[in-house]
Amino acid sequence: MNPIWLVTLAVFAPVASGAIGLCMPRSWVGTRVALSVLGPVAAVLLLAELAITHGVDHTGAGGVLAAEWMPELKLNWQWHPDRFGVFFALLVSGIGVLITLYARAYFGPDRDSLYRFYPSLLLFMTAMLGVVLADSFMLLLLFWEMTSISSFLLIGWERDDPAAVKKAMQAFIVTGAGGLVLMGGLILIGVHTDVWSFSALAGLAADGRLSPGPLLTTGFLMVFAGAAAKSAQFPLHFWLPGAMAAPTPVSAYLHSATMVKAGVYLVGRLWPILAAVLPVWPSLIVPLGAVTMVYGAFIALQKTDLKQIFAYTTISQLGLLMAMYGLAAFQYGGHGEHTQPNMIWEVAQILNHALYKAPLFILAGAIGHIASRELPKLKGLFYRDGTSRIMTVVVLAAAYCLAAGPLTVSFTAKEFFFYQIWHAYEATHQPVMGLLILAGVLTGMFNVAIFIRLARTLLSRQQPEADPHEHHDAHGHDHEHEKGIWPAFLWIPGAVIVSVQFIGGIIPGAYEAMFGWLEASPYYFEAGHFPLLWNVHPGVPLYMSLCAIGLGVGLGFAPLMRGKYNDPFDHAYPSFYLLATKGGGRVFRILQGGHVTGYIAFVAIALVGFFAWSIRFDFASLPGQWPGGAGLELDQLGELLPGILLTFMVCLTALLMPFVRDRASRVLILGACGFSVTGVYYQYRAPDLALTQISIEIVSLILFLLVLSMLPKQAPGPRLWVVPRVVLGAAVGLIMFWLTLTSSVGPQPTIHYLGRQYANLGEFFLRNSHHGEDSALAATDHGTLEHSELERRPTTKTRLYHGGGGKNVVNVILVDFRGFDTLGEITVLGIAAMGVWTLVRRRHGFKSPRERVMDEEQAAETGSRGLSLDIPEPTGGHDPEDDVVNRMIRPSTES
Amino acid sequence: MTLLTCIMVGVIFAAATYMMLGRELKGVCMGVFLMGHGANLAIIATSRSPIGREPPVLGLARISELADPLPQALILTAIVIGFAVQAFLLTLLVITWRRSRTLQLAELAVEEGA
């Protein structure tokens, strides 16, 4: 099959099976499980088909473009199924199959849980497959956000548990914010390089055309911040232990094996491209990864809850993976027999972690089912019954891999990592690398100690004191009654996965077959140099391993570091949340105090402030913008005289208004101002405006006087804040004066339209308003327009679409050129009329008599006016005039 | 004429801002209406000096001698919408008085906060 279809189908197979499951009745439990398993199985098969028939060497080929989606946004269905992407996709879908089966055992035959769980899980699976197979930056972001959302849904699985919901929000905010930063970073990289896909970026790097620059560095830093948030790097790691509020299948799948590795994936995707270009790569990633690695392992040792322990070891391992990519930036050219410039065993490290962490979580859930997840209550679990014996064996096998014991893949992987550290030290000879060696040994030591303590607890001969009220891992159903094969699926998926660890660790050919074809540095496999137990050479990495194991065994038995230190970052999100809500509330109360004066002053001050800020650079040029004398035609004083008079009138009335205290006089002065403005319109040769203004001025004057008669006559109080008001008013007036002046003098921009040039927009309308043919009008001299010319029919078809066919250009603009503006204007009028109507209608205008009686009784009881917009009749200051007014503006009064 | 209009705009805006910062709702409303006049005058000022021109009606003069019709069209819309806003604002004024028995902004703010 075409690789495009293979990839697309593989990505969407899981969510499709989930969607079909949603359409099935809830009682079809068996069918639902079969269908849900089918989705990831189909993905595995399609990807395997892709890898076998098409190979995984698509690098640099520009990816596989399935279809354009939104090319303007650089968002396309573009896949990049190369070695790394296919490996991740196989990991996601392969473990997905087992997790789907495990979830059936975990939830039991609870139809409602399964009905809700499978679609969410399968949505996540599609999102994750999309992340690791997407080539286009924006497509990756889309799927990235989908993983955050599905993770949110799954962590907050217990909808009625406020704690779980809070943890879900915490995880979503951290990873969601990380996603936004990631988007910014990818856009910066895209802007810098002008390519918008990983394969094209790799192509640039391969040709040596990727030039470093501040934009690229900033972009990478932002991308890394997003990846670090997703992959729970210190100090953003705190959401991951919180995410353990999710059901265990989710923890095993999202929060250990797959989603948290999305950040690692991204860094792994970028290292062959950027590591050589950006010097910041190792110096940023290595220390951060190392700190995360040691810190996570240290906190894990303090915890007693199984899921918390494994969550913190996951953080530790994610730190190790990041550090590995950081170290891969060091060059080892010409170093002895090693011809590879970079040493990295990413597939081994990533797969190794998934192969033991998923079983650990699976078994944590299983043990929680039959007993408890708290270590002190698990003493002597091995000796309780057959099931607990099997589970103990499997969980200890997985924990042995956590401790990187010999004969496991994990041991080999850890040797590789130590080898990488040691060679980085040899290559750079920086003393800082010595610290890294210490960090590696410490992490190994903590992991070994965790295994020792787990083994000592589970294999202890003591039994904990029985607590009859104690119930295991609460999830709302009981497993005692379920019979058959399903309860065994609580541990079978874990056993299957962990067995791979031992097969790969014991049989040399198996390891090579598993990792060789996918690994980035295949040289070491060709040479047979991978350190299985029986072909490790004595050397520093081996000594580091021995050191870690020895110290770890000692620490495991020692009474040190037992639950004394809590993660201080547990308080990070609650503090942030408190700060955001409380601080936000405070800011809101300051800005929205309910004081109209405050709002207006805020706007006025902002205007003054922005004006001052915008001219701060060229204050000297302010007077220069106004060519002296422009706008004042002193030579035409006769023409100007009415204008001077009107200006005097307008200014006088405007300035009088604040001084006059009598309200009726004030309204009349406002009206006088309006009539003077009418005169100004007349001076501006705008008869339409003058007519409109004068009629509206009359109506609004009457309206205002009517309203005044409905309001109380109150003695005006003393003037307050006069000086600040005058200053602010004068500043606003000056600014408006200046803005008007600068926009009204000087040249106007010319307009080019349909091959013609117009001196300004007004001329365009003048010339086109009749029928788009201006030659006749322009040709006539001195305004004597030939009637026949005006009425001339358009002679060509194109003229039909020009012009409005009217001589009054203002009217033509309103009803033709800008007809929709007029429609909007009428709409505003209608809305205002409806608003007035609603507000002034009688209190009981739309109620039946019975309802009125009930309302009155209620009002009499409570004695309150209530919060509705209904208007109670005024009780005081009520004179007969008001009734006249009421009848005039409130027609429903008469009904 | 342009300079005169600019002076009118400045004075109107100064007086209107002063009134809008007052402590009583009626005065604030009047300030808003006054400011409406100022805004319209600011728009008409952009049509350059009207002296020596004719109204923008085709046939009255050569096109180069007609006034700019575009600001006039804008203001015509603005006047009508301004009237709608004015009617609505006055209604709100009455409603506020009937519900709260005060038009003092300080007291209204207290009521809103309560």
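In which helix of chain A is A:P493 found? In this predicted model, A:P493 belongs to helix 18 of chain A, which covers residues 492-506. A:P493 is buried, because its relative accessible area is 0%, and apart from its neighbours within four places in sequence A:P493 is in contact with A:L98, A:Y102 and A:I362. The C-alpha atoms of A:P493 and A:I99 lie 7.3 Å apart in space, although 394 residues separate the two in sequence.

## Chain A as a whole

Chain A contains 34 helices and four strands, and 52% of its 895 residues count as buried. When contacts in chain A between residues at least 6 apart in sequence are considered, 77% of them join residues at least 24 apart. The area that chain A exposes is about 40,200 Å², and carbon and sulfur atoms supply 67% of that area.

The largest nonpolar core has 185 residues, and the members with the most contacts inside it are A:L140, A:L274 and A:W281. Helix 3 of chain A, residues 83-107, gives the most to this core, contributing 17 residues. Leaving aside its neighbours within four places in sequence, A:L274 touches A:I189, A:L210, A:L216, A:F220 and also A:W281. A second core, separate from this one, has 80 residues, among them A:A654, A:Y684, A:M736 and A:I813.

A polar residue with little exposure is A:S148, which lies in helix 5 (residues 137-155) of chain A and counts as buried because its relative accessible area is 1%, under the 20% cut-off. Beyond its neighbours within four places in sequence, A:S148 is in contact with A:F172, A:T175, A:G176 and A:K230.

## Backbone details in the loops

The loop between helix 8 and helix 9 of chain A holds A:A232 as well as A:P235. A:A232 has a positive phi of about 55 degrees although it is not a glycine, and A:A232 is buried because its relative accessibility is 0%. The peptide bond that runs from A:F234 to A:P235 is cis, with omega near 0 degrees.

A positive phi, here of about 75 degrees, is also found at A:L407, again a residue that is not a glycine. A:L407 sits in the loop between helix 15 (386-402) and helix 16 (409-428) of chain A, and with a relative accessible area of 32% A:L407 counts as partly exposed.

## Charged pairs and cysteines

Over all chains, the structure holds nine salt bridges, and the table gives three of them, with the distance between nitrogen and oxygen.

| Pair | N to O distance |
|---|---|
| A:R209 and A:D207 | 3.2 Å |
| A:D305 and A:R373 | 3.5 Å |
| A:R685 and A:E639 | 3.9 Å |

Both partners of the pair formed by A:R209 and A:D207 are exposed. The salt bridge between A:D305 and A:R373 has a different setting: A:D305 lies in the loop between helix 12 (280-302) and helix 13 (306-327), whereas A:R373 lies in the loop between helix 14 (346-370) and helix 15, so this pair ties together parts of chain A that are 68 residues apart in sequence. A:D305 counts as buried because its relative accessibility is 15%, and A:R373 is likewise buried, with a relative accessible area of 17%.

The salt bridge between A:R685 and A:E639 also links distant parts of the chain, since A:R685 is in the loop between helix 25 (663-683) and helix 26 (687-710) while A:E639 is in helix 24 (residues 637-656), 46 residues apart. Within this pair, A:R685 is buried at 16% relative accessibility, whereas A:E639 is partly exposed at 42%.

The structure holds zero disulfides over all chains. As for individual cysteines, A:C23 counts as exposed because its relative accessibility is 68%, while A:C401 counts as buried because its relative accessibility is 0%.

## The interface with chain B

The contact between the chains takes 119 residues from chain A and 88 residues from chain B. About 9,500 Å² is buried between chain B and chain A, and carbon and sulfur atoms give 73% of that area. B:Y18, B:L58 and B:R98 together supply 9% of the area that chain B buries against chain A, which is more than any other three residues supply. Across this interface of chain B and chain A, zero salt bridges are found by the rule.

Note on methods:
Residues are numbered from 1 along each chain as its sequence is written. Chains are lettered from A and ligands numbered from 1 in the order in which they are written. This is a predicted model: local features need pLDDT of at least 70, side-chain atom pairs count only at pLDDT 80 or more; totals for chains, interfaces and linings use all residues. Side-chain values use heavy atoms; hydrogens and water are left out. A disulfide is a pair of cysteine sulfur atoms within 2.5 Å. Buried means under 20% relative accessible area, exposed over 50%, partly exposed in between (1.4 Å probe, protein chains only). Helices (H or I, at least four residues) and strands (E, at least two) are DSSP runs, numbered from the N terminus. Contact means heavy atoms within 4.5 Å. Accessible areas come from the Shrake-Rupley method with a 1.4 Å probe; for residues, only the protein chains shown count as cover. A nonpolar core is a set of buried Ala, Val, Leu, Ile, Met, Phe, Trp, Tyr and Cys residues joined through side-chain atoms within 4.5 Å. Buried area is the accessible area (1.4 Å probe) that two parts lose on being put together, summed over both. A salt bridge is a side-chain nitrogen of Lys or Arg within 4 Å of a carboxyl oxygen of Asp or Glu.
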